[in-house]
Amino acid sequence: MPEIKNIAVIGAGQMGGGIAQIAATAGFTTKLLDPFPGAIDKAKSLHDKLLARAVEKGRMTQPDADAAKSRITYINDQGDAALNNLADADIVIEAIIEDAAIKKDLFAKLAAMLTADQILATNTSSISITEIAAATPCPDRVIGMHFFNPVPVMKLVEVINGLATSPDTTERTIALAEKLSKTPVPANDRAGFVSNRVLMPMINEAFYAWMEGVAEPAHIDEIMKLGCAHPMGPLRLADFIGLDTCVHIMDVLADGLNNERYRACPLLKQLVTANRLGDKTGRGVFDYSK
Ligand code: 3HC
């Protein structure tokens with residue numbers, strides 16, 4: 001199978017934008033596609049800012065930063081025709097909204113357009129790879145490539161095979177993760193994989209502790225930071241991830257593992273109802289408006 005040289009990323013949010021940045025920095029020709037002009041503009045200015053910071057900190061030379069920037073093509077285009085822009089990609093990494101139906105629709109369209117060698121990877125945080133792959137005629141080339149936020153900083157890529165993922169697809173994906181300076185670690189295709197199966201119930205429990213008055217949010221976070229050496233407390237981390245994403249992942253765990261103990265805490269759900277989604281809306285558990 002050919003070596004991966006061209007990477008396409010669909011979805012220019014925090015995750016997709018970060019994946020495109022590390023791909024370009026690692027020397028890959030990179031395309032970043034998003035239908036929303038705002039998302040592309042935001043990703044572009046974050047890339048400029050982070051690459052400038054890398055130069056300032058002496059982690060990169062200015063010519064290397066300029067070369068990385070020049071390797072990214074930003075595509076702000078809507079509709080199925082936009083996908084034709086990705087025809088020369090060796091791997092397409094999807095990082096769009098966590099909605100199984102929307103992802104399956106996208107993968108079916110991608111599969112219809114791509115050639116026999118291309119890998120279709122999803123950055124889903126919890127949706128079944130087997131289910132997404134089943135929407136395509138080529139489930140052997142579909143794989144989970146789960147990055148962590150912030151992508152340029154976090155070392156892990158959780159690599160998840162669907163039922164039909166071929167050994168060749170897995171091998172090439174692992175090799176790619178290594179070239180991106182990440183550490184790939186395999187996990188099986190069960191709800192939440194490993195990372196969110198373990199992380200999300202802890203975050204959910206922090207909301208229960210808050211709801212039951214065990215401690216104030218800031219104290220819950222301080223206890224976990226100082227007592228368990230977590231870089232962020234669980235409630236701050238929930239804001240960082242997005243409270244809507246946390247509820248979604250808890251639902252996937254509850255449904256996928258058929259166990260109501262994984263259902264999202266009512267207080268977490270209430271904040272989502274109030275549109276307090278965390279960093280992205282300026283307020284979640286904590287207030288970032290100032
Ligand atoms: N993008 C790129 N780089 C970033 C960044 C971002 N969004 N945010 C911070 N950084 C870099 C900073 O530039 C800085 O590097 P530098 O000093 O060399 O320039 C370095 O990270 C440290 O940043 P700060 O000094 O500003 O702040 P902290 O020391 O508090 O670190 C943090 C910030 C790296 C985010 C740290 O708090 C952390 O590791 N938090 C936990 C993150 C985590 O758990 N992520 C996983 C979330 S779960 C997930 O993604 C899975 C999903 O499925 C839900």
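**Exercise 1. A residue in a loop**

In which loop is the place of Val153? State also whether Val153 is buried or exposed, and relate it to Lys182 in space.

*Solution.* The model under study is a predicted one.
Step 1. Val153 belongs to the loop that runs between E6 and E7.
Step 2. The relative accessible area of Val153 is 57%. Exposed means over 50%, so Val153 is classed as exposed.
Step 3. Along the chain, Val153 and Lys182 are 29 residues apart, and their C-alpha atoms are separated by 9.5 Å.

**Exercise 2. A cis peptide bond**

Determine the state of the peptide bond from Asn149 to Pro150, and locate Pro150.

*Solution.* Step 1. Omega for the bond that leads from Asn149 to Pro150 is near 0°, and the bond is cis.
Step 2. Pro150 is found in the loop between strand E6 (142-146) and strand E7 (156-161). Val153 is likewise placed in the loop between E6 and E7.
Step 3. Asn149, on the other side of the cis bond, is listed with the residues that come nearest to the ligand.

**Exercise 3. The shell around the ligand**

Describe the residues around the ligand, their chemical classes and the parts of the chain that supply them.

*Solution.* Step 1. There are 18 residues around the ligand, and those that come nearest are Arg53, Arg59, Ser125, His146 and Asn149.
Step 2. By class, the shell has eleven nonpolar residues, four polar ones and three charged ones.
Step 3. Polar contacts are then examined. In the side chain of Arg53, a polar atom lies 2.7 Å from an oxygen atom of the ligand. For a polar side-chain atom of Lys57, the distance to an oxygen atom of the ligand is 3.2 Å. Asn196 has an N or O atom in its side chain that is 3.1 Å from a ligand oxygen.
Step 4. The ligand taken alone exposes 1,000 Å², of which the protein buries 65%.
Step 5. Helix H2 (37-56), helix H7 (195-211) and helix H9 (234-241) are the elements that give two or more residues to this shell.
Step 6. At the level of domains, domain 1 (6-187) and domain 2 (196-281) each contribute at least three residues to the shell.

**Exercise 4. An aromatic pair in helix H7**

How many aromatic pairs does the structure hold? Give the geometry of Phe207 and Trp210, and explain their spacing along the helix.

*Solution.* Step 1. The structure holds one aromatic pair.
Step 2. Phe207 and Trp210 form this pair, with 6.2 Å from centre to centre and 45° between the planes.
Step 3. Planes under 30 degrees apart count as stacked and those over 60 as edge-to-face, so the pair of Phe207 and Trp210 is termed tilted.
Step 4. Because Phe207 and Trp210 are three residues apart in helix H7, about one helical turn separates them.
Step 5. Phe207 has a relative accessible area of 0% and is therefore buried.
Step 6. Pro201 is also in helix H7, but Pro201 is partly exposed, at 22% relative accessible area.

**Exercise 5. Positive phi values**

Locate Ser181 and Asn275, and report the phi value of Ser181 and that of Asn275.

*Solution.* Step 1. Ser181 is placed in the loop between helix H6 (167-179) and strand E8 (183-187). Its phi is near 65°, which is positive in a residue other than glycine.
Step 2. Asn275 lies in the segment that follows helix H11 (266-273). Phi of Asn275 is about 65°, again positive although the residue is not a glycine.
Step 3. Ser181 is partly exposed at 46% relative accessibility, and Asn275 is partly exposed at 47%.

**Exercise 6. Separations in sequence and in space**

Compare sequence separation with C-alpha distance for Ala187 and Gly213, then for His219 and Leu50, and then for Pro201 and Lys290.

*Solution.* Step 1. Ala187 is in strand E8 and is buried, at 9% relative accessibility. Ala187 and Gly213 are 26 residues apart in sequence, with 36 Å between their C-alpha atoms.
Step 2. His219 lies in helix H8 (residues 217-228) and is partly exposed, at 48%. His219 and Leu50 are 169 residues apart along the chain, and their C-alpha atoms are 31 Å apart.
Step 3. Pro201 and Lys290 are 89 residues apart in sequence, and the C-alpha to C-alpha distance is 30 Å.

Methods:
Residues are numbered from 1 along each chain as its sequence is written. This is a predicted model: local features need pLDDT of at least 70, side-chain atom pairs count only at pLDDT 80 or more; totals for chains, interfaces and linings use all residues. Side-chain values use heavy atoms; hydrogens and water are left out. A residue is near a molecule or strand if one of its heavy atoms lies within 4 Å of it. A polar contact is a pair of N or O atoms within 3.5 Å; within protein, one must be able to donate a hydrogen and the other to accept it, and residues adjacent in sequence count only if both atoms are side-chain atoms. Accessible areas come from the Shrake-Rupley method with a 1.4 Å probe; for residues, only the protein chains shown count as cover. Helices (H or I, at least four residues) and strands (E, at least two) are DSSP runs, numbered from the N terminus. Ala, Val, Leu, Ile, Met, Phe, Trp, Tyr, Cys and Pro count as nonpolar, Asp, Glu, Lys and Arg as charged, and the others, Gly among them, as polar. Domain bounds come from an automatic or database domain assignment. Rings of Phe, Tyr and Trp (its six-membered ring) pair if their centres lie within 6.5 Å; planes under 30 degrees apart count as stacked, over 60 as edge-to-face and the rest as tilted. Buried means under 20% relative accessible area, exposed over 50%, partly exposed in between (1.4 Å probe, protein chains only).
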